[in-house]
Each structure stands twice: as structure tokens, then as C-alpha cells.
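I sat down with a model I had not seen before and kept a notebook as I went. Here are my entries, in the order I looked things up.

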Amino acid sequence: MIKFNSQSGVGLIEVMVALLLLAIAVLGFSALQINALNATDESLVRSRAMSMSKQLSENMRLNTLATDNFMSELNALNQGTKNITDYCAKVVQASSSFDQNSCKSDACSPEEIAALSTWQAANLGCEQDIMLNMTTCPDMADINARQCIITSWGNTIPVLDDSEENACGDSSGSYKLGSHCLIMEAY
């Protein structure tokens with residue numbers, strides 16, 4: 001007569017359940033690690049964008065005679081661009097329009113200095129896949145008009161526009177959901 005043990009195979013099932021729980025835990029930790037890496041990358045790009053915005057703002061403060069030129073130069077680079085490739089192609093094209101070494105003396109006009117400073121900021125942005133733009137901040141009176149320096153990366157375009165799906169913000173200056181950008185006031 002054959003005796004059957006009612007516990008036969010239970011140990012194997014326990015091991016398989018334990019492995020399943022371990023696999024779920026490892027997948028959870030992997031997802032957490034990926035989210036942490038993405039947050040770290042976003043933080044690094046944000047830090048670079050803030051640094052670029054601050055530098056451009058300081059250049060504007062040093063060259064108050066040509067404040068409007070900074071904005072017009074950046075707007076020209078962004079005219080019709082929908083991605084970083086188009087933007088950087090315009091930055092390269094702009095570099096050929098002036099001699100970078102000719103404007104390193106006191107003989108330069110404020111407008112030439114503004115053009116050089118703007119090109120340098122845009123060129124640095126291209127090296128780091130960041131686009132720059134500048135606009136008058138929404139709801140600012142003409143007397144104390146402030147400029148908004150907009151930096152964007154990824155698929156976000158550095159504009160404040162209600163109709164543009166990939167715009168950094170809307171016409172009121174509020175960030176759009178899912179945008180990858182930074183808006184900094186300069187005055």
C-alpha cells in the first residue's frame with residue numbers, strides 16, 4: 001500500500017511564492033530608481049537653465065542702453081522654430097553675421113555688445129540642448145516693464161502662447177502642464 005504525504009510539493013510552492021514576491025519588490029525598486037534618475041536629470045537641466053537666465057539677466061543690467069536688443073535678438077532666433085535643431089541652426093547662422101572677436105574692446109556699440117552676449121547665451125544653450133527666448137512679462141505696466149527670460153528643453157518651445165501645444169506657458173505667464181521650462185523675470 002502506498003502512503004501519500006499531504007505536504008508533498010508544498011515546499012516548492014512556498015519557494016515559488018517567495019520568488020514572485022521578491023520579483024515584484026525588485027521591479028518596484030527598479031521603477032523607483034528610474035523615477036529618481038529622471039528627477040535628477042530634470043534638476044540638473046533646471047539648474048543649467050537658471051544659470052543661463054541669470055547670466056543673461058546680468059548682461060542686460062550691464063548694458064542698459066540696449067535692453068530691447070537682447071529681446072529682439074532672441075526673438076529673431078525663435079521666429080518659426082519648433083525644436084532645438086531648428087533653433088541651433090539659426091544660432092549657427094547668426095554666428096556668421098558678426099565677427100565674435102571684433103566686439104571685445106571699448107569700440108563696440110551697446111547694440112553690438114547685446115548681439116554678442118545674446119549669441120553667446122544662445123550658443124551655450126545649444127551646447128546643453130536648451131533654447132532661450134525673451135518676452136515682456138504678462139500684465140506688466142509700460143512704466144516698469146519687466147522681461148521674462150524663458151529657457152526650455154525637451155519638446156517645449158520657449159514661448160508664452162495659448163494656442164501652441166508645446167509652449168512653456170500660456171499668455172498669462174502660467175506654466176503649461178507637462179512643460180519642461182523655466183521662466184525668470186529680469187528688470
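My notes begin with the whole chain and then move through its helices, its sheet and a few single residues.

**Entry 1: the whole chain**

I reminded myself before anything else that this is a predicted model. I then listed the secondary structure and found four helices and five strands in the protein chain. Read along the sequence, these follow the pattern α-α-α-α-β-β-β-β-β.

I looked up burial next: 33% of the 187 residues of the protein chain count as buried. I also checked how far along the sequence the contacts reach. Among contacts between residues at least 6 apart in sequence, 54% join residues at least 24 apart.

**Entry 2: helix α1**

I turned to α1, which covers residues 10–62. Does its span agree with what its 53 residues should give at 1.5 Å a residue, or disagree? It agrees, because the expected span is 78 Å and the end C-alpha atoms of α1 are 78 Å apart.

I then asked which residues of α1 are buried. My list reads V45, A49, M52, S53, L56, S57, N59 and M60. I looked for what covers these buried residues, and the cover includes α2, α4, β1, β2 and β5.

**Entry 3: α1 and its helix neighbours**

I took α2 (residues 67–78) as the first partner to look up: its axis and that of α1 come within 8 Å and cross at roughly 140°. That makes α1 oblique to α2. From α1, the residues L56, N59 and M60 meet T67, F70 and L74 of α2. I sorted the residues of this contact by class and got four nonpolar, two polar and no charged.

Then I looked at α4. At what angle do the axes of α1 and α4 cross? They cross at roughly 175° and come within 10 Å. I therefore noted α1 and α4 as roughly antiparallel to each other; angles over 145 degrees count that way. Here M52, L56 and N59 of α1 meet S117, A121, L124 and G125 of α4. By class, this contact has four nonpolar, three polar and no charged residues.

I put the two lists side by side: L56 and N59 of α1 appear in the contact with α2, and L56 and N59 appear in the contact with α4 as well.

**Entry 4: helix α4**

I checked the length of α4: it has 18 residues and reaches 26 Å from its first C-alpha to its last, close to the 26 Å expected. The buried residues of α4 are A114, A115, L116, S117, T118, W119, A121, A122, G125 and C126. I found them packing against α1, α2, α3 (84–95) and β1 (131–136).

At residue 110, where α4 begins, I stopped at P110. Is P110 buried, partly exposed or exposed? P110 counts as partly exposed because its relative accessibility is 24%, and buried would mean under 20%. Leaving out residues up to four places away in sequence, P110 touches N63, L65 and A66. I also looked up the distance to A66: the two C-alpha atoms are separated by 5.6 Å, although the residues are 44 apart along the chain.

**Entry 5: a loop residue**

I went on to the loop between α4 and β1, where D129 is found. Most residues other than glycine have a negative phi. I was pleased to spot D129 here, as its phi is positive, about 60°, although it is not a glycine.

**Entry 6: the sheet**

I asked in which order the three strands of the open sheet run. The order is β1-β2-β5, with antiparallel pairing. β1 and β5 (181–186) stand at the edges with a single partner strand each, so one side of each is left without a neighbour in the sheet. Neighbouring strands of this sheet are turned by 20° against each other on average, direction ignored.

I looked closer at β2 (residues 147–152) and counted six bridges in its antiparallel pairing with β5. One pair I noted was T151 with its bridge partner L182 in β5. Lastly, I came back to α1: it lies across β1, β2 and β5, and runs at about 25° to β5.

**Entry 7: one more residue**

I ended on A76 in helix α2. A76 counts as partly exposed because its relative accessibility is 47%. Its C-alpha atom and that of K90, 14 residues apart along the chain, are separated by 8.8 Å.

Notes
Residues numbered from 1 in each chain as written. Predicted model: local features only at pLDDT ≥ 70, side-chain atom pairs only at ≥ 80, totals over all residues. Heavy atoms only, no water. Axes fitted to C-alpha atoms, helices over the stretch in contact; angles between N-to-C directions. Parallel < 35°, antiparallel > 145°, perpendicular 65-115°, else oblique. Contact = heavy atoms within 4.5 Å. Nonpolar A, V, L, I, M, F, W, Y, C, P; charged D, E, K, R; others polar. Buried < 20%, exposed > 50% of the residue type's maximum accessible area, 1.4 Å probe, protein only. Expected span 1.5 Å × (residues − 1). Pairing = 2+ DSSP bridges.
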